[in-house]
Every structure is written in C-alpha cells, then in structure tokens.
Amino acid sequence: MIPKLHYISQGDSPKQHLDNIQKACTSGAELVQLRLKNVSEKKFLKIAKQAREITSHFQTRLIINDNYKVAKEVKADGVHLGKTDSCPTIVRKHLYSWQIIGGTANTLQDCEVLLDKQVNYISLGPFRASSTKENTPPVLGINGYTAITDVLKTGTPIIGVGGIIIEDIPAILKARISGVAVSEAITKDFNSIKKFNDLLQASSTAEQRYTLD
C-alpha cells in the first residue's frame, strides 16, 4: 500500500531540505520525497544518504525524485519520475524488485501511458498553480480530476499534487483521488501533517462532518 500523504521536500539549501524532512518525519509523515534540483550528482547522493538515515530512523518511506541511480544506491523505497525523466519500463530494470516507481501525469493520456508502463502510483496535477514549480501545465482543479477519474478505471493509486491545502481534501477524495502530495502547505506548518492524515483516512461520514463545520 502506498501512503495517502506524500511530503515533497522543500528548502533554500540541501541542509534545509534535510531539516524539513526531519520535521516531517517527527510530525508523522509516512512518505517523504526528496526533491533536490540544481545540485551535482555527488552532492545529491550525499544528501540522499542523509535523508535515508533520517527516514529509516522514523520508519518513513523515502522516494527519490528523478534520479533512479541514487534511489538504488541509497536503497530508497522508490523513485518518482517526471514527464521528461527516464522511461519507467527502463528504470524498472535497474531497480531492486521491491522499489516502487511513481510517475507524473497532467492528462488522461499521460495516465494511460503510465499505467501501460506499470508504475506503482500516478501523481496527477497540477491541482492549482503552485509556487514550487515553474512552467507548469494547465491547472486541473476538481473538474479536471473528475473528468479523468470518470474514465480511468484503475486500482493504481492516483495522487493529487499542486498547491493542495487542507480545505481541498474532502472534494479531492470525492473526485476519487487516492491521496495527495504536498510541499508548501506542510513546510509552512508541519503540524498540518496530522490534519491531512486524519482527513485522508476519513470515512465519508467524517468527510461530511468536516465539510459542514
């Protein structure tokens, strides 16, 4: 089972990424994605090893963004591949059999391609515009999610991503999205991890209760 809440690391420096990963783990995150950009392979590997030490201590799953070689070397739980990264089918041959692969999708067609390549989860977005990514594709919102999940009949978890906040969760769940990947809202308040988890595990009655508050 893939956890329903993914924390995507954020920070102005590698050290800040690690500090935030530690805070997320301390606050109850079950899965963390290390998303470091514009660093050398050597530096990435060093930070990934430290992230693996932190997450192992808390028994939190670690996903490495983009770099499957680093994911294999540090024995991370898996790798997340963007649309311009390596093909999941090729990456699968390089990983340990127990490591998972996630892929980014923006359209129904993207989802279908990823399902054909047998990814373990699909990260679908952006839900709304996010300050953590540049040059993002068109925003999907609830209507976009519903249009895709209405057609896409799959047991593969679909994870919503892109500027998601606590208040979005009930509607996102109703759109048949399995879980969410969050960066900014959690980095601003690590205590929100418990609230996200509570809502994501919620039954339909709990969701209704939350909506009515």
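## A salt bridge, a pocket and a closed barrel

The side chains of Asp110 and Lys83 form a salt bridge, with 2.8 Å from N to O. This pair connects distant parts of the chain, 27 residues apart: Asp110 belongs to helix H5, whereas Lys83 sits in the loop between strand S4 (78-81) and helix H4 (88-94). The model is predicted. Because a salt bridge requires a side-chain nitrogen of Lys or Arg within 4 Å of a carboxyl oxygen of Asp or Glu, the 2.8 Å contact between Lys83 and Asp110 qualifies. By this rule the structure has eight salt bridges.

Lys83 also takes part in the second largest pocket. Together with Gly82, Thr104, Val113 and Leu114, Lys83 lies nearest the centre of this pocket, whose lining comprises 13 residues. Two elements, S5 and H5, each give two or more residues to that lining. Helix H5 supplies the largest share, three residues. The pocket has a volume of about 170 Å³, and its lining consists of five nonpolar, four polar and four charged residues.

The strands, S5 among them, build a closed barrel of eight in the order S1-S2-S3-S4-S5-S6-S7-S8, with parallel pairing. Neighbouring strands of this sheet are turned against each other by 25° on average, direction ignored. Helix H2 (residues 41-58) packs on the sheet and touches both strand S2 (31-34) and strand S3 (61-65). Between strand S5 (residues 100-105) and strand S6 (residues 121-124), which run parallel, there are four bridges. In one such pairing, Ala105 has Leu124 of S6 as its bridge partner. Helix H5 (residues 108-116) lies across S5 and S6.

The directions of helices H2 and H5 relative to a strand of the barrel are set out below.

| Helix | Strand | Angle between directions |
|---|---|---|
| H2 (residues 41-58) | S3 (61-65) | about 165° |
| H5 (residues 108-116) | S5 | about 160° |

Two details of the backbone deserve inspection. Most residues other than glycine have a negative phi, and most peptide bonds are trans. Lys75, however, has a positive phi, near 55°. Lys75 is located in the loop between helix H3 (68-73) and S4. The peptide bond from Gly125 to Pro126 is cis, with omega near 5°. Pro126 lies in the loop between S6 and helix H6 (141-151).

Key: Residues numbered from 1 in each chain as written. Predicted model: local features only at pLDDT ≥ 70, side-chain atom pairs only at ≥ 80, totals over all residues. Heavy atoms only, no water. Pairing = 2+ DSSP bridges. Axes fitted to C-alpha atoms, helices over the stretch in contact; angles between N-to-C directions. Contact = heavy atoms within 4.5 Å. 1 Å grid on protein atoms, 1.4 Å probe; cavity = no way out; pocket = protein on both sides within 12 Å on 5 of 7 lines; lining within 4 Å. Points joined across faces, edges and corners; volume = space filled by probe spheres on them. Nonpolar A, V, L, I, M, F, W, Y, C, P; charged D, E, K, R; others polar.
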